[in-house]
Amino acid sequence: MKIEVPHQYTKEEAKTRIRQLLQNLKEKYSDKIKNVEESWSDDRGAFSLAVGPFSTSGSINVKEDLVEIDLTVPFIAGMYKNQIRSLIESQAKEVLT
């Protein structure tokens, strides 16, 4: 699942905001999200996590005016795909607009 969120910040500020969002989500949903791993190389991030019995991973690419989030949703969790997309988009838009 690919999600694109526009921003009007410098790449560094957008990256800082996205990293802070990931940290906030880990804390806010610590009862639901487990095994969170995150790594960054320049403006590209990779992450993995488990939500209940489902594991997922993805990448984040911070561009000049856009943040691309590419998330792999397990087939078995497909019925939650729209909810996952909505949550990620709303949270990312909140910190990037």
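Let's start at helix H2, whose buried residues are Gln91, Ala92, Val95 and Leu96. Looking down the axis of H2, you find these buried residues within an arc of 125°, so they line one face of the helix. There's a general reason to expect such patterns: an α-helix has 3.6 residues a turn, so residues three or four places apart point the same way. Bear in mind that this is a predicted model.

What do the buried residues of H2 pack against? Their partners are S1, H1 and S5. Flip to the face of H2 turned away from the buried side and you meet the exposed residues Asn82, Gln83 and Glu94. The length of H2 checks out too: at 1.5 Å a residue, its 16 residues should span 22 Å, and the end C-alpha atoms are indeed 22 Å apart.

Now for the sheet. It is an open one with five strands, in the order S1-S5-S4-S3-S2, and the pairing is antiparallel. Strand S1 (2-6) and strand S2 (33-41) sit at the edges with a single partner strand each, so one side of each has no neighbour in the sheet. From one strand to the next, the twist averages 15°.

Take a look at the S2 end. S2 pairs with strand S3 (residues 44-51) in the antiparallel sense, over seven bridges. If you want one bridge to click on, tryptophan 40 has glycine 45, in S3, as its bridge partner. Helix H2 (residues 81-96) packs on the sheet as well, where it touches S1 and S5, and its direction makes about 20° with that of S1. Helix H1 (residues 11-28), for its part, lies across S2, strand S4 (54-62) and strand S5 (66-72), and runs at about 165° to S2.

On to the charges. Side chains of opposite charge can pair when their charged atoms come close. How many salt bridges does the structure hold? The count is seven. One of them joins the side chains of glutamate 64 and lysine 11, at 4.0 Å from N to O. Glutamate 64 is in the loop between S4 and S5 while lysine 11 is in helix H1, so this pair ties together parts that are 53 residues apart in sequence. Is glutamate 64 buried or exposed? With a relative accessible area of 59%, glutamate 64 is exposed, whereas lysine 11, at 25%, counts as partly exposed. This pair also belongs to a bigger arrangement, since Lys11, Asp43 and Glu64 are linked in a network of salt bridges.

Helix H1 has another charged link, this time to the sheet. Arginine 19 forms a salt bridge with glutamate 38, and their closest N and O atoms are 3.7 Å apart. Because arginine 19 lies in helix H1 and glutamate 38 in strand S2, the pair ties together parts that are 19 residues apart in sequence. Arginine 19 counts as partly exposed, at 39% relative accessibility, and so does glutamate 38, at 30%.

One more pair rounds off the tour. Glutamate 68 forms a salt bridge with lysine 63, with 3.1 Å between the closest N and O atoms. Glutamate 68 is buried, its relative accessible area being 16%, while lysine 63 is partly exposed at 33%.

Definitions and conventions
Residues are numbered from 1 along each chain as its sequence is written. This is a predicted model: local features need pLDDT of at least 70, side-chain atom pairs count only at pLDDT 80 or more; totals for chains, interfaces and linings use all residues. Side-chain values use heavy atoms; hydrogens and water are left out. Two strands pair if DSSP finds at least two bridges between them. Helices (H or I, at least four residues) and strands (E, at least two) are DSSP runs, numbered from the N terminus. Axes are lines fitted to C-alpha atoms, for helices over the stretch in contact, and angles run from 0 to 180 degrees between N-to-C directions. Contact means heavy atoms within 4.5 Å. Buried means under 20% relative accessible area, exposed over 50%, partly exposed in between (1.4 Å probe, protein chains only). The expected span of a helix is 1.5 Å times one less than its number of residues. The arc is that of the directions from the helix axis to the C-beta atoms.
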